[in-house]
Amino acid sequence: MTTPGFGGMGLLDSFMFGGGFEILFFLIFALVLCLFIVMIVRGVSQWHRNNNSPRLTVEATVVAKRIDVSHHHHGGETHHMTTSTQYYVTFQVESGDRMEFSASGREYGLLVEGDTGRLTFQGTRYLGFTQP
């Protein structure tokens, strides 16, 4: 099937051989690169904000715990799967505000909902929880 105005080539042929594929490939590559750069900039800026935030210790109660398990399938010659686990703990401070922090598996295992103590954090960075 030919489309008038493309020198006897079809519309798909014109796109593929007339430079359209290269432009589309470049646009997708540029989009992925921009997203990657944005993720890096956000991570570095969050790290910078945390470093410039005051280190606070407040009375708090553990109100919730959750786990986020991710499964990653890897292809190739041999197929295998890796699993990663993120642990999160939510604390409620005296004002009633709640804050969720990522914690290590060891810290997560030592905390029980209802525990009260002193929460230490810096920005969004969890530094520890001590009980009297």
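Rings of Phe, Tyr and Trp pair if their centres lie within 6.5 Å. With that cut-off in hand, here are the close-up views, all drawn from a predicted model.

**View 1. Five rings gather in one aromatic cluster.** The members are Phe-91, Phe-101, Phe-121, Tyr-126 and Phe-129. Across the whole structure there are 6 aromatic pairs, and the next two views each pick out one of them.

**View 2. Tyr-87 and Tyr-108 make a tilted pair.** Their ring centres are 5.0 Å apart, and the planes meet at 40°, so neither "stacked" (under 30 degrees) nor "edge-to-face" (over 60) fits this pair. Tyr-87 comes from strand E2, residues 80–93, whereas Tyr-108 belongs to helix H3, residues 105–110. The pair therefore ties together parts that lie 21 residues apart in sequence. Do look at the surroundings of each ring too: Tyr-87 is partly exposed, at 24% relative accessible area, while Tyr-108 has 14% relative accessibility and counts as buried.

**View 3. Phe-91 and Phe-101 pair up between two strands.** This pair is tilted as well, with 6.2 Å from centre to centre and 55° between the planes. Phe-91 sits in strand E2 and Phe-101 in strand E3, which spans residues 98–103. The two residues are 10 apart, and their pairing links distant parts of the chain. Both Phe-91 and Phe-101 are buried, and both also belong to the aromatic cluster of View 1.

**View 4. A lysine lies over the face of Tyr-108.** Here we return to the helix H3 tyrosine of View 2. Lys-65 is placed 4.2 Å from the centre of the Tyr-108 ring. Tyr-108 thus appears in two contexts: over its face lies Lys-65, and its ring also pairs with that of Tyr-87.

**View 5. An arginine sits over the ring of Tyr-88.** In this close-up, the charged end of Arg-66 is found 4.1 Å from the ring centre of Tyr-88.

**View 6. The whole protein, for orientation, has 3 helices and 5 strands.** Following the sequence, their order reads α-α-β-β-β-α-β-β. The protein has 132 residues, and 18% of them count as buried; Tyr-108 is one of the buried residues, as are Phe-91 and Phe-101. Taking the contacts between residues at least 6 apart in sequence, 45% join residues at least 24 apart. The accessible surface amounts to about 9,800 Å², and carbon and sulfur atoms account for 63% of this area.

Note on methods
Residues numbered from 1 in each chain as written. Predicted model: local features only at pLDDT ≥ 70, side-chain atom pairs only at ≥ 80, totals over all residues. Heavy atoms only, no water. Helix = DSSP H or I, 4+ residues; strand = E, 2+ residues; numbered from the N terminus. Buried < 20%, exposed > 50% of the residue type's maximum accessible area, 1.4 Å probe, protein only. Lys NZ or Arg CZ within 6 Å of the ring centre and 35° of its normal. Contact = heavy atoms within 4.5 Å. Areas by Shrake-Rupley, 256 points an atom, 1.4 Å probe, with all protein chains shown as cover.
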